[in-house]
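The following exercises are to be worked with the sequence and the coordinates at hand. Each task is followed by a stepwise solution.

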Amino acid sequence: MQIAVSGGKGGTGKSTVAINLAVALNNLGIDLTFADLDVEAPNDHLLLGVELGSEEPVMQFMPKFDYSKCTKCRKCAEVCEEHAIITLKDGTPFLMPNLCSGCRACEIVCPVPGAIQEAFRVIGHTYVTETPYGFTLVTGKLKEGEERSMPLVVAAKRKAQELQEGILFVDTAAGTGNTVSKAVEFSNLLIAVTEPTPLGIHDTELILELGNLMEMPTWVVINRSDLGEKERVYELADKYGAEVVAEIPYSENIVRSYVEGKPVVLTEYPEARIFKGLAKKVLEFLGGGE
Ligand code: SF4
Ligand code: SF4
């Protein structure tokens, strides 16, 4: 069982919904493992008020040229779709590591045995953190300057699956790019967090399309529901057969709860009820075996 929380655009409160829902579910007795797959800007540990735990590097293949063997035929540069290999006038290849996706096409196509050797570089890390909320948090974090987040999403999701107890609860990056699709893949439920602004509504449509494409039940949570045209979100949800399951009005209490180092669902603030209600709805969904 896997639940994904996503949001079309950044800053919609996606992570707020994800961590509070996870804490509320755990309080209802649901075992889960939480994966923060927003690898370019993981912040769930900050919102949960915990330090990142044990660190493991994520390595990626890159070619290493043995110039004593290389015949300067340029075949490696020609096959590289990422344009990560440039060649000098005489054909000598050079690698631009940050552009390399680790696909190994250059290694496969090189006609000279040993001219391309295996090397690896660290492109980021995964972290495993035991939270005080009863569940494990797995975080993927891309190294600064790296451009390819997909291998990190794959590595962090795999790590979370290895450690999975109960539900795999996934918080994705913003947007609808291929890393979001990878994070959402195989979910039994997609929860799209949006805000009722023109940009929020536009991007919500993209995430609802993704849910339809992947044929998964999709719910919508409207954050800052009092600051825009929430009726348009309802219309959009209707169009895609999605259900609006919660509205969260603009709240300074949520910010206060972060300052206090406590998810709002564990506080006495009235907003706690919203997340408890959402968790109960998820529990019903799970019980329904949908
Ligand atoms: S591994 Fe793939 S991306 Fe990297 S240099 Fe070789 S062909 Fe290019
Ligand atoms: S394909 Fe092999 S031999 Fe040809 S330029 Fe690249 S490394 Fe050298």
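**Exercise 1: the ligand shell**

Task: Classify the residues of the shell around ligand 1 as nonpolar, polar or charged.

Solution. The shell holds nine nonpolar, two polar and two charged residues; Ala, Val, Leu, Ile, Met, Phe, Trp, Tyr, Cys and Pro count as nonpolar, Asp, Glu, Lys and Arg as charged, and the others, Gly among them, as polar. Next, of the 13 residues around ligand 1, Cys80, Cys100, Cys103, Arg104 and Cys106 come nearest (a residue is near if one of its heavy atoms lies within 4 Å). Finally, strand 3 and helix 4 (105-109) each supply at least two residues of this shell.

The model is predicted: local features need pLDDT of at least 70, side-chain atom pairs pLDDT 80 or more, whereas totals for chains, interfaces and linings use all residues. Residues are numbered from 1 along each chain as written, chains are lettered from A and ligands numbered from 1 in written order, and side-chain values use heavy atoms, without hydrogens and water.

**Exercise 2: the sheet**

Task: Determine the strand order of the open sheet and identify its edges.

Solution. Helices (H or I, at least four residues) and strands (E, at least two) are DSSP runs numbered from the N terminus, and strands pair if DSSP finds at least two bridges between them. The nine strands follow the order 3-6-7-2-8-1-9-10-11, with mixed pairing. At the edges, strand 3 (54-65) and strand 11 (243-248) each pair on one side only. Strand 10 (residues 218-223) runs parallel to strand 11, joined by five bridges; Asn223 stands opposite Ile248.
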